[in-house]
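Grab a pencil and work through these short exercises on helix packing and internal space. Try each task before you read its solution.

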Amino acid sequence: INLVEFAETMQSTGSTFSPQAQYEIATIGDAVSEIIDLAVNSFENRDLTLVQSIEPLEEVVDLMEETLKDRHIDRLRNGQCTVDAAFPFVESLSCIERIADHCSNVGVYMLEYNRGSNEEEIDHHTYILQLHSGEVGHYNEQYRRYTEMYYDKIKSVPQHA
């Protein structure tokens, strides 16, 4: 709903994103589209293999959001972006990142749901910390793959594109 409202506001003010901002939003959108597909498919099919790809991609989305906000602020300071487009861009990034967070929650709850009743309950934050510290083998490889697929794509575009 928020994303639609931002688009409507931009349309009513006649503001647009720069070509670079459009590319960046499309790229992070592709990453979030993939994480949504992973969450939905893992849930529908009870596929815990797919679940393992969610958190590494969510972390790449976090990294992209931070980087893209910084780059957009630089464009605003340099006059490459209008004030009318700045707020919708930054807020859209926050909404997109929250979608990825929700997908991460789906993944962790899937793992918890599929554990036997005799097994210890998964603490969401502890599990995430274990992943980020490299204690879970699949995480680092998946994170590298998603970094190359999405983050490196935005990093390779010059700031003035």
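**Exercise 1: H3 against H4**

H3 and H4 pack with their axes 9 Å apart, at an angle of about 165°. Work out how the two helices are oriented, then describe their crossing and contact.

*Solution.* Start with the angle: about 165°. Angles over 145 degrees count as roughly antiparallel, so H3 and H4 are roughly antiparallel to each other. Next comes the handedness: H3 passes H4 in a left-handed crossing. Last, sort the residues of the contact of H3 with H4: 16 are nonpolar, four polar and eight charged.

Keep in mind that you're looking at a predicted model.

**Exercise 2: Bring in H2**

Find out how H2 sits relative to H3, and then relative to H4.

*Solution.* Take H2 and H3 to begin with. Their axes lie 10 Å apart and the packing angle is about 165°. That makes H2 roughly antiparallel to H3. The contact of H2 with H3 is made up of 14 nonpolar, six polar and six charged residues. As for handedness, H2 passes H3 in a left-handed crossing.

Now move on to H2 and H4. Here the angle is about 20°, with the axes 9 Å apart. Angles under 35 degrees count as roughly parallel, so H2 and H4 are roughly parallel to each other. Their crossing is left-handed.

**Exercise 3: Look for empty space**

How many cavities of 30 Å³ or more does the structure hold? Say what surrounds the space you find.

*Solution.* Count before anything else: there is one cavity of 30 Å³ or more. Then get the volume, which for the largest cavity is about 70 Å³.

Now go round the wall. Helices H3 (48-77), H4 (83-113) and H5 (124-132) each supply at least two lining residues. H3 gives the largest share of the lining, five residues. Residues that line the largest cavity include Val51, Gln52, Ile54, Glu55 and Pro56, along with Ser104, Gly107 and Val108. Tyr127, Ile128, Leu131 and His138 line the largest cavity too.

Finish with the chemistry: the lining of the largest cavity divides into seven nonpolar residues, four polar and one charged.

**Exercise 4: Check the confidence**

Which element of the protein chain has the lowest mean pLDDT, and which the highest?

*Solution.* Begin with the whole chain: its pLDDT averages 88, and 88% of the residues score at least 70. Then go element by element. H5 has the lowest mean pLDDT, at 70, while H2 (residues 19-45) has the highest, at 96. Tie this back to the cavity: H5, the element with the lowest mean pLDDT, is one of the helices that supply at least two residues of the lining.

Terms used. Residues numbered from 1 in each chain as written. Predicted model: local features only at pLDDT ≥ 70, side-chain atom pairs only at ≥ 80, totals over all residues. Heavy atoms only, no water. 1 Å grid on protein atoms, 1.4 Å probe; cavity = no way out; pocket = protein on both sides within 12 Å on 5 of 7 lines; lining within 4 Å. Points joined across faces, edges and corners; volume = space filled by probe spheres on them. Helix = DSSP H or I, 4+ residues; strand = E, 2+ residues; numbered from the N terminus. Nonpolar A, V, L, I, M, F, W, Y, C, P; charged D, E, K, R; others polar. pLDDT = per-residue confidence, 0-100. Axes fitted to C-alpha atoms, helices over the stretch in contact; angles between N-to-C directions. Parallel < 35°, antiparallel > 145°, perpendicular 65-115°, else oblique. Left-handed = near helix turned anticlockwise from the far one by under 90°.
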